[in-house]
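User: Hi, could you walk me through a structure I have to look at for class? I'm new to this, so please take it slowly.
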Amino acid sequence: MGCVESMNYEIVLRDASFKESRDYIKANFKEFIDVQPGFKVFDIYVIGLPPIAIGLDGDFVIFPYTKPCHGTFLLRVEDAEEAARLRALKK
Amino acid sequence: MAGEPTTNSVTALLVLGCPQVPVQTSIALYLINRLKKAGITPVVAGNKAANILLVVADPDRHYLGEVMDLDRAVAQITDKKRDFDLCFVFIHNDAGVSYAATMGAISKAKLFTLVYGEHYEDQVKKIEFPSTMIAAKAVHNPLPLKKALDEVAPWAV
């Protein structure tokens, strides 16, 4: 499991419900992909009700990160390589 | 955390939620006891606080077997390195529902959702994926949830 703390991330949404997180991505990002629970973004296995939306905005990846006590956070991380990898999955 | 290796017997994963609702630790120990008596090997997966509450309460490991980090359990199941026959997910908030849906998607285990807490009905409404639901309004007193669990008797599967 990758450590989120080691990443340079921005919190887009905090202590959200899973549905709020999914709705936010679909409402605010033109580009997104739907993945299944357990899908790996960076070194993180995403948690949630399928389908899980992951937003793409240029070189930024926006994805949900869920912790048992704090709900779901939407994190925004800049990584051109990971954005390109995810974008390629859409095709 | 140290634990016992799993055997070839029927195995059960207990996915703990945030331990802020007191009944979780009590019901987890009760369920572990019932599973072990039925010859089922229980493995606990939770965050650090949830796991430590159990480990401190059972220092001689009369009940507890293997205890593992929740993120590691998700990783191992997703990567097909490990799976279980039964999976019990403790739910009292939205994150609990997310973990249960995830277990339902990544694991072949028969899924049980244990729903409790002051607003347990709000969480029940979100569970639209296949599972055997065991739900009760239980916050400090574990007996309503114990009663619901006994009625289902998942250790008898």
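User: How do H1(B) and H6(B) lie relative to each other, roughly parallel or roughly perpendicular?
Analyst: In this predicted model, the axes of helix H1 (residues 23-37) and helix H6 (residues 143-152), both of chain B, come within 10 Å and cross at roughly 30°. Angles under 35 degrees count as roughly parallel, and H1(B) and H6(B) are therefore described as roughly parallel to each other.

User: And which residues make the contact there?
Analyst: From H1(B) the contact takes in B:Val23, B:Ile27, B:Tyr30, B:Leu31 and B:Arg34, while H6(B) brings B:Leu145, B:Lys146, B:Leu149 and B:Asp150. Sorted by class, the residues of this contact are 6 nonpolar and 3 charged, with no polar ones.

User: What's the handedness of that crossing, left or right?
Analyst: The crossing of H1(B) and H6(B) is right-handed.

User: OK, what about H3(B) and H4(B), at what angle do they cross?
Analyst: The axes of helix H3 (residues 70-78) of chain B and H4(B) cross at roughly 25° and come within 10 Å, which means that H3(B) is roughly parallel to H4(B). The crossing of H3(B) and H4(B) is left-handed.

User: Which residues touch in that pair?
Analyst: On the H3(B) side they are B:Leu70, B:Asp71, B:Val74, B:Ile77 and B:Thr78, and on the H4(B) side they are B:Tyr99, B:Met103 and B:Ile106. The residues of this contact divide into 6 nonpolar, 1 polar and 1 charged.

User: Switching topic: how many cavities of 30 Å³ or more are there?
Analyst: The structure holds 2 cavities of 30 Å³ or more, and the second largest cavity has about 40 Å³ of space.

User: What lines the second largest cavity?
Analyst: Chain A appears in the lining with A:Pro68, and chain B with B:Val15, B:Leu16, B:Gly17, B:Leu70, B:Val89, B:Phe90, B:Asn93, B:Ala95, B:Gly96 and B:Tyr99. Two elements of chain B, strand E4 (86-91) and helix H4 (94-106), each supply at least two residues of that lining, and H4(B) gives the most, with 3 residues. B:Leu70 and B:Tyr99 are lining residues of this cavity, and they also belong to the contact between H3(B) and H4(B).

User: What classes do those lining residues fall into?
Analyst: The lining of the second largest cavity has 8 nonpolar and 3 polar residues, and no charged ones.

User: And the largest pocket, what volume does it have?
Analyst: The largest pocket has a volume of about 190 Å³. Its lining draws on A:Ser17, A:Phe18, A:Lys19, A:Arg22 and A:Leu49 from chain A, together with B:Asp94, B:Val97, B:Lys125, B:Lys126 and B:Glu128 from chain B.

User: Which element gives the most to that lining?
Analyst: That is H1(A), with 3 residues. By class, the lining of the largest pocket has 3 nonpolar, 1 polar and 6 charged residues.

User: Last topic, the backbone: which peptide bond is cis?
Analyst: The peptide bond from A:Pro50 to A:Pro51 is cis, with omega near -5°, and A:Pro51 lies in the loop between strand E4 (44-45) and strand E5 (52-57) of chain A. For background, most peptide bonds are trans, and most residues other than glycine have a negative phi.

User: So what is phi for A:Phe42?
Analyst: Phi of A:Phe42 is near 55°, a positive value in a residue other than glycine. A:Phe42 sits in the loop between strand E3 (40-41) and E4 of chain A.

Methods. Residues numbered from 1 in each chain as written. Chains lettered and ligands numbered in written order. Predicted model: local features only at pLDDT ≥ 70, side-chain atom pairs only at ≥ 80, totals over all residues. Heavy atoms only, no water. 1 Å grid on protein atoms, 1.4 Å probe; cavity = no way out; pocket = protein on both sides within 12 Å on 5 of 7 lines; lining within 4 Å. Points joined across faces, edges and corners; volume = space filled by probe spheres on them. Helix = DSSP H or I, 4+ residues; strand = E, 2+ residues; numbered from the N terminus. Nonpolar A, V, L, I, M, F, W, Y, C, P; charged D, E, K, R; others polar. Axes fitted to C-alpha atoms, helices over the stretch in contact; angles between N-to-C directions. Parallel < 35°, antiparallel > 145°, perpendicular 65-115°, else oblique. Left-handed = near helix turned anticlockwise from the far one by under 90°. Contact = heavy atoms within 4.5 Å.
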